[in-house]
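Grab a pencil and keep the 3D view open next to you. These exercises go one step at a time, and each comes with a worked solution.

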Amino acid sequence: MYNETMNPYIVAISGASGSVYGLRLVEELLRTPEDVHLCVSETAFSIIEHETGLVLRGASDAETEQRIRGHFSSGKIWYFSEDNLAAPMSSGSFVTGAMFVVPCSMKTLSGIACGYANNLIERAADVALKEGRKLILSPREMPFSAIHLENMLRLARMGVTIAPPIPAFYQNPKDIRDMVSFVVGKILDSAGISHSLFPRWK
Ligand SMILES: Cc1cc2nc3c(=O)[nH]c(=O)nc-3n(C[C@H](O)[C@H](O)[C@H](O)COP(=O)(O)O)c2cc1C
């Protein structure tokens with residue numbers, strides 16, 4: 001049973017390329033004192049397998065949670081499937097720190113921008129919006145259409161942080177891990193969470 005005195009972070013990994021960003025974000029958030037409530041869409045599980053070789057999806061939600069806990073070597077992470085609309089994050093009465101959708105597909109972006117709330121990711125984001133809580137999206141597509149840009153603008157005007165996974169090069173990244181660290185560090189900056197993922201420009 002979940003300890004309600006805590007203020008967990010919500011991480012949603014949707015079906016866009018760049019699942020490694022979401023996984024790395026979880027890794028970093030687990031270094032904080034807070035728990036992480038994780039929702040992974042069905043497409044995202046397939047993309048994680050394709051892009052990282054990790055097989056996190058089990059035969060049941062309990063088995064999936066076990067695999068996720070094993071992967072992160074942490075008992076501070078809780079998994080909820082995308083169709084579990086009875087999960088704690090589905091209710092505004094469940095107080096959370098911040099919600100991250102990393103990476104965010106254009107389909108999930110659209111669902112959030114329209115308040116469609118058709119699965120747990122969209123519902124939890126809808127809750128974050130109605131409660132005025134911190135919501136950070138990392139939309140990944142290339143190029144963006146006018147529909148994508150309008151959805152982002154609509155959400156940005158509501159106070160949502162749009163933090164696309166765009167790496168920078170001024171910190172001279174040596175490898176992909178450095179590039180991922182930069183993006184995840186910027187996402188953590190957006191939520192005011194301290195980290196040492198990249199050197200600061202001085
Ligand atoms: C390998 C793969 C990569 C994909 N990459 C992207 C992407 O970068 N951005 C995007 O918007 N959709 C991408 N898609 C399409 C989405 O997965 C698809 O629209 C899906 O319905 C999204 O559902 P979800 O947001 O509920 O996970 C990709 C699909 C696959 C199979």
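Helices (H or I, at least four residues) and strands (E, at least two) are DSSP runs, numbered from the N terminus. You are looking at a predicted model, where local features need pLDDT of at least 70, side-chain atom pairs count only at pLDDT 80 or more, and totals for chains, interfaces and linings use all residues. Residues are numbered from 1 along each chain as its sequence is written.

**Exercise 1: the whole chain**

Work out how many helices and strands the protein chain has, and in what order its elements run.

Solution. Start by counting: the protein chain has seven helices and six strands. Next, walk along from the N terminus, and you get β-α-β-α-α-β-β-α-α-β-α-β-α. Now check the overall build. The radius of gyration (taken over C-alpha atoms) is compared with the globule rule, which is 2.2 Å times the number of residues to the power 0.38. For 202 residues the rule gives 17 Å, and the protein chain comes out at 16 Å, close to that, so it is as compact as a globular protein of that length. Along its principal axes, the C-alpha trace spans about 45 × 35 × 35 Å.

**Exercise 2: a helix and what follows**

Check whether the span of helix H3 agrees or disagrees with its number of residues, then look at the residue after H3.

Solution. The recipe for the expected span is 1.5 Å times one less than the number of residues. Helix H3 (residues 61-72) has 12 residues, so it should span 16 Å, and its end C-alpha atoms are indeed 16 Å apart. Step past the end of H3 and you meet Ser 73, in the loop between H3 and S3. Its phi is near 50°, a positive value in a residue other than glycine.

Asn 172 also has a phi near 50°, and sits in the loop between strand S6 (161-162) and helix H7 (176-190). Here is the background: most residues other than glycine have a negative phi, and most peptide bonds are trans.

That brings us to the cis bonds. One joins Val 102 and Pro 103, with omega about -10°, and Pro 103 is in strand S4 (residues 98-104). Another joins Met 142 and Pro 143, with omega about -5°; Pro 143 is in the loop between strand S5 (134-139) and helix H6 (146-156).

**Exercise 3: buried or exposed?**

Sort Ile 48, Ser 74, Ser 73 and Asn 172 into buried, partly exposed or exposed.

Solution. First, the cut-offs: a residue is buried if 20 or more other C-beta atoms lie within 10 Å of its own, exposed if 12 or fewer, and partly exposed in between, with C-beta atoms placed from the backbone. Then count.

- Ile 48 has 21 other C-beta atoms within 10 Å, so it is buried.
- Ser 74 has 15 C-beta neighbours inside 10 Å, so it counts as partly exposed.
- Ser 73 has 9 other C-beta atoms within 10 Å, so it is exposed.
- Asn 172 has 8 C-beta neighbours inside 10 Å, so it counts as exposed.

Finally, zoom out: of the 202 residues of the protein chain, 40% count as buried. Helix H1 (residues 19-29) is mostly covered, with eight of its 11 residues buried, among them Val 20, Tyr 21 and Leu 25.

**Exercise 4: who touches Ile 48?**

Find which residues Ile 48 is in contact with, leaving aside its neighbours within four places in sequence.

Solution. Two residues are in contact if their C-beta atoms, placed from the backbone, lie within 7 Å. Ile 48 belongs to helix H2, and its contacts are Ser 19, Leu 54 and Leu 56. For a distance check, Ile 48 and Val 20 are 28 residues apart in sequence and 7.5 Å apart in space, C-alpha to C-alpha.

**Exercise 5: around the ligand**

Find how many residues surround the ligand, and why the ligand lies between domain 1 and domain 2.

Solution. A residue is near a molecule or strand if its C-beta atom, placed from the backbone, lies within 6 Å of it. That gives 15 residues around the ligand, the closest being Gly 15, Ala 16, Ser 41, Ser 105 and Met 106. Helix H2 (42-52) and helix H4 (106-114) are the elements that give two or more residues to this shell. H2 gives the most, with four residues.

Now the domains, whose bounds come from an automatic or database domain assignment. Domain 1 (36-81) and domain 2 (97-174 + 182-191) both give residues to the shell, so the ligand lies between them. The centres of domain 1 and domain 2, taken over C-alpha atoms, are separated by 21 Å.
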